Amino acid sequence: MNETIKLMDFNTIQAKGTEVLLRELGPVGMVRYLEQYDNGGTGDYTKEKYSMPELTIDQIMEM
């Protein structure tokens with residue numbers, strides 16, 4: 001027996017997964033499920049944003 005495997009690209013997998021989560025868990029359940037995989041980032045954004053140097057567009061482009 002020959003069986004064909006259809007591979008989906010990442011965007012399709014993500015869209016279908018989101019669709020299933022929303023359908024099966026509802027909007028609140030979907031968000032709660034997805035929050036399990038978001039550790040909220042790291043560091044202290046408020047503190048770090050003021051320690052970043054202010055660069056001009058030209059300086060950024062040179063980098």
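**Figure 1. Arg 23 in helix α1 of the predicted model.** Arg 23 has its place in helix α1, and the coordinates shown here and in the other views are those of a predicted model. With a relative accessible area of 54%, Arg 23 is exposed, because exposure is assigned over 50%. Its partner in the view is Glu 24, and both Arg 23 and Glu 24 are exposed. Side chains of opposite charge can pair when their charged atoms come close. Between Arg 23 and Glu 24 there is a salt bridge, in which the closest N and O atoms are 3.3 Å apart, and the two side chains also make a polar contact at 3.3 Å. How many salt bridges does the count come to? The count comes to one salt bridge.

**Figure 2. Pro 27 within helix α1.** Helix α1 comprises residues 10-35, and Pro 27 lies in this helix. The relative accessibility of Pro 27 is 55%, so that Pro 27 counts as exposed, given that the threshold for this class is over 50%. For a distance within the view, Ala 15 serves as a reference: Pro 27 and Ala 15 are 12 residues apart along the chain, and their C-alpha atoms are separated by 15 Å.

**Figure 3. Asp 44 in the loop between α1 and α2.** The loop that lies between α1 and α2 includes Asp 44. Is Asp 44 partly exposed or buried? Asp 44 counts as partly exposed because its relative accessibility is 40%, whereas buried would require a value under 20%. Measured against the sequence, Asp 44 and Phe 10 are 34 residues apart, while in space their C-alpha atoms are 31 Å apart.

**Figure 4. Leu 55 and a nonpolar patch on the surface.** Leu 55 is located in the loop between α2 (45-51) and α3 (57-62). Its relative accessibility is 38%, and Leu 55 therefore counts as partly exposed. Leu 55 also belongs to a nonpolar surface patch, which it forms with Ile 57, Ile 60, Met 61 and Met 63. Together, the residues of this patch have about 600 Å² of accessible area.

**Figure 5. The whole chain as context for the close-up views.** The protein has three helices and zero strands, and along the sequence these elements follow the pattern α-α-α. The C-alpha trace spans about 60 × 30 × 15 Å along its principal axes. The radius of gyration of the protein is 21 Å, whereas a compact globule of 63 residues would have a value near 11 Å. Buried residues make up 5% of the 63 residues, and the accessible surface of the protein comes to about 6600 Å², with 56% of it belonging to carbon and sulfur atoms.

**Figure 6. Confidence of the prediction along the chain.** The mean pLDDT of the protein is 85, and 95% of its residues reach 70 or more. Which helix has the lowest confidence, and which the highest? Confidence is lowest in α2, where the mean is 79, and highest in α1, where it is 94. The views of Arg 23 and Pro 27 thus concern residues in helix α1, while the views of Asp 44 and Leu 55 concern residues in loops.

Methods. Residues are numbered from 1 along each chain as its sequence is written. This is a predicted model: local features need pLDDT of at least 70, side-chain atom pairs count only at pLDDT 80 or more; totals for chains, interfaces and linings use all residues. Side-chain values use heavy atoms; hydrogens and water are left out. A salt bridge is a side-chain nitrogen of Lys or Arg within 4 Å of a carboxyl oxygen of Asp or Glu. Buried means under 20% relative accessible area, exposed over 50%, partly exposed in between (1.4 Å probe, protein chains only). Patches are made of residues with over 30% relative accessible area and no salt bridge: like charges are joined within 9 Å, nonpolar side chains (Val, Leu, Ile, Met, Phe, Trp, Tyr) within 5 Å. Accessible areas come from the Shrake-Rupley method with a 1.4 Å probe; for residues, only the protein chains shown count as cover. Helices (H or I, at least four residues) and strands (E, at least two) are DSSP runs, numbered from the N terminus. pLDDT is the predictor's confidence in each residue, from 0 to 100. The radius of gyration is taken over C-alpha atoms; the globule rule is 2.2 Å times the number of residues to the power 0.38. A polar contact is a pair of N or O atoms within 3.5 Å; within protein, one must be able to donate a hydrogen and the other to accept it, and residues adjacent in sequence count only if both atoms are side-chain atoms.
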